[in-house]
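Work through the exercises below with the structure in view. Try each task before reading its solution.

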Amino acid sequence: MNFLIDYAILEENVLYNWKEGLIMKVVIIGASFAGVSAALAIRKKHPAAEIHLIEKQSTIGYLPGGINLYFNKTIGPIEEAQFISEQQLKKCTIQLLLAATVVKIDSKRQMVIYEKQAEDFCISFDKLILATGASQWSQKILGSDSEKVLKYKFLPGVLKAIEQLKNSQKVALIGGGQIGAEAADMLLKQGKEVHLFEQMDYLLFKYFDREMIRPVQEEMALKGIIFHFEETVEKIVDSDQGLRIESKMTKLDCDSAVFAMNVRPDLAYLDEHIQVHTDRTVYVNEYLQTSQANIFAIGDCIQVPYSLSNESFYIPLVNNAVRTGLVVAQNLVENTTPFVGAIRTIGTKLVDYYVASTGLTEAEGLFYDQPIGVSHVEQKSALFLGGEIIYGKIIFEKESHRILGAQLVSKANILEKINTLALSIQMGQTLEELYQKDYLYHPYFSTILDITNQLGFEGLWSEANEN
């Protein structure tokens, strides 16, 4: 492709001098959670701004987990798995460029070059936001580009995946994180033979300690999931009969496979003036500004500061994407709002269990710079309503009692409770503050002391007993 474009014949070639009272022109590359959140927040913050949203897909607003909603009959047609529509964005006077693939940016001339219907176009910007998501493609797994290896982050892929999975009896999952675990649960309910490959030695290892996720994993195995732990898929062989998944230990023949990982950011269009990390994520400062002052990066394009340390990590979660989209709108004209970082808060349902986690795990505590304490709690979810047992775990600093992490597992729906614990961590609260947290009490719906308070109380007294 020829990038030597005559800038005199651009589709759009006017750079607005918005600092003198004219219109600020904002271009956002990528229209998933991060890009859409940024566009809507910018419209509120800067009502007169000209906002352009460029998306390589021909549709907008698809929920990546929609296939699970479809197979679980939570929704009807898969097209209902949508968090926003074109009409809603247009109503906010956000201009959409769909089915447009950005092929290059010129950060010095402040131009974005994109391809649409086999032609090259350019659009100028005053402010540019990089919001392209993660790519589900692996250079390390030979054959992962096979059409029978399903990748369903986007609607065209999910439409194909639905038909292929309906006609598949034996399915392999590559990855035992949240995507893989939820896919395993969904396929199990469809009566499929499910094999899950994970290079670590248990499920959801980033978010849970082994003893907390064990009952969930055991029930999944009891219901038919075949786990291949400590196995790295090295090769996928496509044949007329299906696929062969190969690791050092296993050669598995199956009908189809699901690539259940977000591998890397999709940033092939960057020019040499945008500084990147060794993992190819974009370097940003605390205001989400790149090495070029008028260019920002958010969502799956960046490493996210870990709120519990001075390090940053690649954590492609929806809540991180949305929050960075909101924050970048505050900093377009002036750096006012630092991004506070992430503590990896997740929650889902697997088989009959609700599982939720936030912050540091005990396993990660080995690398934390202060000694940590740990406490477990088991209590009923309510005195009379249901009364399922909640298994809780809290991780905290031994000396200061500052809360660092928490995990909840129960057959009762405890997902909202993890948000309370996440906020406690984010606010730097201690065990003493947590157990005194005000809470709802009702003799039918709750227990005498909420599980979140109980975790703080038990953590405090387990430490007192140890001393």
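The exercises go from the whole chain to single residues.

The model is predicted: local features need pLDDT of at least 70, side-chain atom pairs count only at pLDDT 80 or more, and totals for chains, interfaces and linings use all residues. Residues are numbered from 1 along each chain as its sequence is written, and side-chain values use heavy atoms, with hydrogens and water left out.

**Exercise 1. Describe the overall build of the protein.**

Step 1. Take the secondary structure: the protein has 10 helices and 25 strands. Helices (H or I, at least four residues) and strands (E, at least two) are DSSP runs, numbered from the N terminus.

Step 2. Check the radius of gyration, taken over C-alpha atoms, against the globule rule, 2.2 Å times the number of residues to the power 0.38. The radius is 24 Å, close to the 23 Å the rule gives for 467 residues, so the protein is as compact as a globular protein of that length.

Step 3. Add the extent: the C-alpha trace spans about 75 × 60 × 40 Å along its principal axes.

Step 4. Turn to burial. Of the 467 residues, 53% count as buried. Buried means under 20% relative accessible area, exposed over 50%, and partly exposed in between (1.4 Å probe, protein chains only).

**Exercise 2. Find the domains and the recorded features.**

Step 1. List the domains: domain 1 (25-62 + 73-134 + 264-331), domain 2 (149-259) and domain 3 (352-462). These bounds come from an automatic or database domain assignment.

Step 2. Place two of them: the C-alpha centres of domain 1 and domain 3 lie 35 Å apart.

Step 3. Read the record. An unreviewed UniProt entry places "domain: Pyridine nucleotide-disulphide oxidoreductase dimerisation" at residues 350-446. In the model, that span is 15% helix and 35% strand.

Step 4. UniProt also lists residues 22-42 as "transmembrane region" (unreviewed entry). This span is 48% helix and 24% strand, with its end C-alpha atoms 16 Å apart. UniProt positions use the numbering used here, feature names are shortened, and annotations may be inferred rather than shown by experiment.

**Exercise 3. Compare helices H1 and H7 with their expected spans, and find their cover.**

Step 1. Use the rule: the expected span is 1.5 Å times one less than the number of residues.

Step 2. Apply it to H1. Its 13 residues should span 18 Å, and the end C-alpha atoms are 18 Å apart, which agrees.

Step 3. Apply it to H7 (residues 318-331). Its 14 residues reach 21 Å, close to the 20 Å expected.

Step 4. Look at burial. In H1, 10 of 13 residues are buried, among them Phe 33, Ile 42 and Arg 43. The buried residues of H7 include Asn 320, Thr 324 and Asn 331.

Step 5. Find the cover. H7 is part of what covers the buried residues of H1. In turn, H1 (33-45) helps cover those of H7, and so does strand S7 (127-130).

**Exercise 4. Place Thr 420, Thr 93 and Ala 99.**

Step 1. Thr 420 sits in helix H8 (residues 417-426). At 30% relative accessibility, Thr 420 is partly exposed.

Step 2. Beyond neighbours within four places in sequence, Thr 420 contacts Lys 437 and Thr 452. Contact means heavy atoms within 4.5 Å.

Step 3. Now consider phi. Most residues other than glycine have a negative phi. Thr 93 has a positive value, near 50°, and lies in the loop between H3 and S3.

Step 4. Ala 99 also has a positive phi, about 55°. Ala 99 is in the loop between S3 and strand S4 (101-106).
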